[in-house]
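Student: I'd like a close look at one part of this protein, and then how that part sits in the rest. Please keep it brisk.

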Amino acid sequence: MLFEIGERWEEIVDSLYTDVIITDQHGVIVYANDSTEYWFNMKKEEIIGKSVFELEKKKVFYPSIARLVLESGQKQTTVQQTRKDKKLLVTGNIIYDNQQNIEYIVCYSQDITEIEKLKTYIKRVENELESVRKELQYYQELQKEDSRLIAKSPKMQQVLSIMDRVADTDATVLLTGESGVGKSLLAEQLHKKSHRKGDFVAINCSSIPESLIESELFGYKPGAFTGASQKGKIGLVEKAHNGTLFLDEIGELPVNVQAKLLMLIQEKTFYRIGDSQPREVNFRLVAATNVNLEERIKEGGFREDLYFRLSVIHIPIPPLRERQEDLLNLIMSLSEKFNKQYNREKEWTREAINSLLLYHWPGNVRELSNIIERLVLTVEESVITPEHLPDNIQTINIANPIQDIGHKSLQEIIEKTEIQILQEAREKYGSTTRMAKFLKVSQPTIVRKLKKYGL
Ligand SMILES: Nc1ncnc2c1ncn2[C@@H]1O[C@H](COP(=O)(O)OP(=O)(O)OP(=O)(O)O)[C@@H](O)[C@H]1O
């Protein structure tokens with residue numbers, strides 16, 4: 001038996017949470033259910049008899065769905081904003097008379113305020129997630145670089161702490177130190193930590209012929225000189241725009257180019273060769289050298305004013321022999337690197353490592369890296385022993401150290417011998433208490449010495 005709605009249909013429609021509005025063919029509201037009062041903040045009696053055009057104008061709701069239906073002549077759905085700041089998904093449907101003319105428009109809606117809020121929230125969270133992801137990626141990259149850089153010794157920690165403090169400034173940095181101490185690697189680190197958008201552009205001033213260095217740095221205008229490219233050339237200075245320009249071996253820069261570099265640092269402008277138009281650039285300058293620039297100045301090979309400009313932040317990098325604490329880590333990390341690179345699984349005897357630890361490394365990390373690479377690559381046996389090491393890297397014979405003095409100072413020999421004895425005592429006795437008893441010193445002395453040598 002069919003359910004008889006009869007006159008109770010109004011009661012039923014009023015009980016809906018959804019608002020229902022019916023207009024005539026002119027957009028005049030002829031019916032509104034109870035929910036309408038809540039959504040539009042108006043009494044039903046105020047709504048009924050009003051034109052949707054008028055209510056739309058007063059922003060009771062916007063846009064009017066009935067208007068959209070009347071204008072298009074067909075069913076419409078849209079998102080509507082009410083004056084209670086709600087968002088409704090409204091649909092307007094047409095009821096035709098017998099002649100197929102529009103008789104009524106029935107409009108009903110669904111509250112999507114929460115969905116819209118949720119959408120905005122999800123969008124915001126997605127954006128935040130994206131920026132966190134980017135930041136994480138940045139720090140992972142940095143950590144990858146950091147893990148390449150072994151710098152646990154107090155002296156290197158001091159270097160890193162100065163670098164951290166100046167990284168995001170524009171200050172020019174001068175890195176000095178013997179060849180192979182890691183100046184280029186540190187310059188690259190400085191760029192990474194600087195958050196500069198541009199590239200890290202490096203040039204080794206000693207590896208480019210004097211006649212070419214100016215055009216390499218500053219570029220030239222098309223056809224600027226005989227043999228110049230017809231297209232002209234962008235110099236490294238321009239390539240480093242918004243980034244870092246690293247001038248390695250700055251002591252080798254020809255004096256005439258030094259003058260141009262000085263102008264560039266002071267005025268942030270330069271001229272391409274053959275060009276009369278000044279160009280502006282913004283970069284961070286990092287320079288490095290293993291020569292004594294002050295002596296170069298005295299000899300007339302380096303401009304003093306440029307030196308003062310370059311050394312705003314002067315960071316001396318200590319030689320490897322002054323960072324004994326890093327040595328073992330470097331040996332381990334470099335052999336892991338080359339084992340991986342050449343698909344080898346070479347191991348070291350304790351004696352071979354001892355010999356490396358006792359050597360004074362005049363060529364610094366580069367020399368250490370070259371030797372480890374060569375040994376990992378060329379030793380046939382799976383274990384590297386002292387016999388595989390180059391002749392100049394030999395353990396000091398404790399029984400007769402005088403034979404192995406070479407060019408070492410007494411202090412160096414004492415330190416290296418002490419390291420060797422400490423290592424052997426630890427191997428044999430294990431605990432610092434037993435080591436102290438055997439070596440006839442106090443246990444705190446043993447602890448202090450182990451710490452001093454990073455053992
Ligand atoms: N602290 C370190 N940790 C790991 N690797 C290092 C470290 N220092 C230097 N190296 C490595 O040693 C090699 C030499 O370093 P780098 O070229 O930076 O030295 P440099 O001081 O710039 O030398 P030069 O004055 O001859 O240009 C590079 O392969 C570099 O990656």
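Student: In which helix does Gln266 lie?

Tutor: Gln266 lies in helix 11, which covers residues 255-267. Keep in mind that this is a predicted model. Is Gln266 buried or exposed? Count its C-beta neighbours inside 10 Å: there are 11. A residue with 12 or fewer is exposed, so Gln266 counts as exposed. Gln266 also has a partner far along the chain. Leu306 is 40 residues away in sequence, but the two C-alpha atoms are 9.7 Å apart in space.

Now set that beside Asn343. This residue lies in the loop between helix 14 and strand 16. Asn343 is exposed as well, because 6 other C-beta atoms lie within 10 Å. Its backbone has a positive phi, near 55°, just after helix 14. Val376 is 33 residues from Asn343 in sequence, and their C-alpha atoms are 9.7 Å apart.

Step back along the chain to helix 14 itself. How far apart should the ends of its 18 residues be, at 1.5 Å a residue? The expected span for residues 324-341 is 26 Å, and the end C-alpha atoms are 26 Å apart, so the two agree. Part of helix 14 is buried: Glu325, Asp326, Leu327, Leu330, Ile331 and Ser335. Their cover includes helix 7 (154-166), strand 16 (347-348), helix 15 (350-358) and helix 16 (364-378).

Helix 16 leads on to the ligand. Helix 16 and helix 8 (183-193) each supply at least two residues of the shell around the ligand. Which residues come nearest? Of the 19 around the ligand, they are Ser179, Gly182, Lys183, Ser184 and Val365. By class, the shell has eight nonpolar, seven polar and four charged residues. Domain 2 (160-318) and domain 3 (319-394) each give at least three residues to the shell.

Next, the strands. Strand 1 (residues 20-24) and strand 2 (residues 29-32) run antiparallel, joined by three bridges. Ile22 stands opposite Tyr31 of strand 2. The two strands form a hairpin with four residues between them. In that turn, Gly27 has a positive phi of about 85°. The hairpin belongs to an open sheet of six strands, in the order 2-1-6-5-4-3, with antiparallel pairing. Strand 2 and strand 3 (61-62) stand at the edges with a single partner strand each, so one side of each has no neighbour in the sheet.

Last, the whole protein. How many helices and strands does the protein have? There are 19 helices and 17 strands. Of its 455 residues, 25% are buried. Among contacts with a separation of 6 or more, 61% join residues 24 or more positions apart.

How values were computed:
Residues are numbered from 1 along each chain as its sequence is written. This is a predicted model: local features need pLDDT of at least 70, side-chain atom pairs count only at pLDDT 80 or more; totals for chains, interfaces and linings use all residues. A residue is buried if 20 or more other C-beta atoms lie within 10 Å of its own, exposed if 12 or fewer, and partly exposed in between; C-beta atoms are placed from the backbone. Two residues are in contact if their C-beta atoms, placed from the backbone, lie within 7 Å. The expected span of a helix is 1.5 Å times one less than its number of residues. A residue is near a molecule or strand if its C-beta atom, placed from the backbone, lies within 6 Å of it. Ala, Val, Leu, Ile, Met, Phe, Trp, Tyr, Cys and Pro count as nonpolar, Asp, Glu, Lys and Arg as charged, and the others, Gly among them, as polar. Domain bounds come from an automatic or database domain assignment. Two strands pair if DSSP finds at least two bridges between them.
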